[in-house]
Amino acid sequence: MHTPPISHVAVVGGGTIGASWAALFLARGLSVAMFDPAPDACAQTLARIHAAWPALTQAGLVVARASPDQLRFETELEAALDQADFVQENAPEREAFKIDLFSRMDAVLPEHVLIASSSSGLLMSRLQSGCRYPGRCLIGHPFNPPHLIPLVEVVGGERTAPEALARAMDFYRGLGKYPIRLNKEVPGHIANRLQAALWREAVHLVAEDVASVADIDAAVAQGPGLRWALFGPHMTFNLGGGAGGLQHFMDHLLGPMQAWWDDLGHPELTPELQRKLVAGVQSEASGRSLASLATERDQQLGAILALLRSARPGAPTE
């Protein structure tokens with residue numbers, strides 16, 4: 001079946017993730033329509049897109065003649081889906097709600113139009129269960145903020161067609177993203193499981209009063225987090241093994257590593273511990289608002305991405 005090129009994207013569901021996706025799609029020169037039924041969704045979405053634009057520009061992701069004001073906002077789902085070549089769904093993370101939403105979208109979209117969910121942990125096999133054409137349904141999970149972080153986790157359900165996964169990978173790659181394809185479904189996909197494991201130990205260290213929230217955060221941001229911007233844990237330890245690589249690392253450090261694994265905590269997020277964590281991040285913020293923290297994050301991410309792109313020829317730019 002002939003599939004036309006993707007030039008028109010429907011973003012279903014605004015909020016932080018949907019607006020961030022819309023900003024990226026607009027920056028890359030695509031026609032974008034958004035559906036969100038909330039009364040103030042249009043104004044909030046446009047504000048978030050405008051706030052994202054400087055960092056997109058800094059990261060070299062804005063093509064010529066792209067504008068944050070080219071968004072078409074719709075209050076009816078069918079109007080937003082009209083003429084769509086691709087759908088990025090960002091509705092609330094409730095399985096029953098998404099199953100119904102996928103069924104509604106599937107009922108009106110031509111069979112070739114891919115429907116991707118930004119779900120952070122639900123299984124596509126469940127979400128596609130009410131669709132006529134489940135083969136075009138898949139997970140396209142970004143990492144927040146989607147307009148800057150390259151990662152997209154592409155996951156099929158039991159009835160997703162391999163060609164749909166390949167087309168989604170090509171589409172995201174063409175946007176300048178770094179899509180990875182999972183071989184099987186697992187709750188939380190990959191990146192959220194990894195960060196959940198790290199946060200569990202970080203919470204345990206707070207609960208045990210090993211250090212302050214700010215110092216535990218600094219232990220990541222000022223240490224391994226910098227290396228992880230370049231290589232993941234396996235390649236990092238491969239380098240840590242010196243000339244012998246990962247095998248040498250395991251030969252000499254597997255014992256201590258196993259001992260650390262055995263000592264990792266299993267904290268319970270009691271109300272008291274929750275209050276301690278909240279007080280800790282408030283102290284770490286030092287009076288900065290969430291908006292100013294997000295701006296600071298995006299500016300620094302934009303600078304890092306621009307530097308990485310300059311060192312990796314061939315990455316999409318203007």
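This report looks at two annotated regions and at the aromatic rings of a predicted model.

## Annotated regions

UniProt, in an unreviewed entry, lists residues 188-256 as "domain: 3-hydroxyacyl-CoA dehydrogenase C-terminal". In the model this stretch is 74% helix and 0% strand. Its end C-alpha atoms are 29 Å apart.

The unreviewed entry also carries the annotation "transmembrane region" for residues 6-27. Here the chain is 59% helix and 23% strand. The end C-alpha atoms of this span lie 15 Å apart.

## An edge-to-face pair

A pair of aromatic rings is described by two things: the distance of the centres and the angle of the planes. The model has seven aromatic pairs. One of them joins Phe86 and Tyr172. Their ring centres are 5.8 Å apart, and the planes meet at 85°. Planes over 60 degrees apart count as edge-to-face, so this pair is edge-to-face.

Which parts of the chain does this pair tie together? Phe86 lies in strand 4, residues 86-89. Tyr172 lies in helix 6, residues 162-174. The two parts are 86 residues apart in sequence, so the pair ties a strand to a helix across that separation.

Are these rings buried or exposed? Phe86 is buried, with a relative accessible area of 0%. Tyr172 is buried too, and its relative accessible area is 0%.

## A stacked pair

Phe237 and Phe249 form another pair. Their ring centres are 4.5 Å apart. Why is the pair called stacked? The planes are at 15°, and planes under 30 degrees apart count as stacked.

This pair also links distant parts of the chain. Phe237 sits in helix 10, residues 233-240. Phe249 sits in helix 11, residues 245-263. The two residues are 12 apart in sequence.

How accessible is each partner? Phe237 is partly exposed, with a relative accessible area of 31%. Phe249 is buried, because its relative accessible area of 11% falls under the 20% cut-off.

## A cluster and two charges

Phe86 and Tyr172 return in an aromatic cluster. Trp21, Phe25 and Phe171 belong to that cluster as well.

Which charged residue sits over the ring of Trp21? It is Lys177. Its charged end is 5.5 Å from the ring centre. Arg94 lies over the face of Phe97. The distance from the centre of that ring is 5.1 Å.

Note on methods. Residues are numbered from 1 along each chain as its sequence is written. This is a predicted model: local features need pLDDT of at least 70, side-chain atom pairs count only at pLDDT 80 or more; totals for chains, interfaces and linings use all residues. Side-chain values use heavy atoms; hydrogens and water are left out. UniProt positions are given in the numbering used here, feature names are shortened, and annotations may be inferred rather than shown by experiment. Helices (H or I, at least four residues) and strands (E, at least two) are DSSP runs, numbered from the N terminus. Rings of Phe, Tyr and Trp (its six-membered ring) pair if their centres lie within 6.5 Å; planes under 30 degrees apart count as stacked, over 60 as edge-to-face and the rest as tilted. Buried means under 20% relative accessible area, exposed over 50%, partly exposed in between (1.4 Å probe, protein chains only). A charge sits over a ring if NZ of Lys or CZ of Arg is within 6 Å of the ring centre and within 35 degrees of the ring normal.
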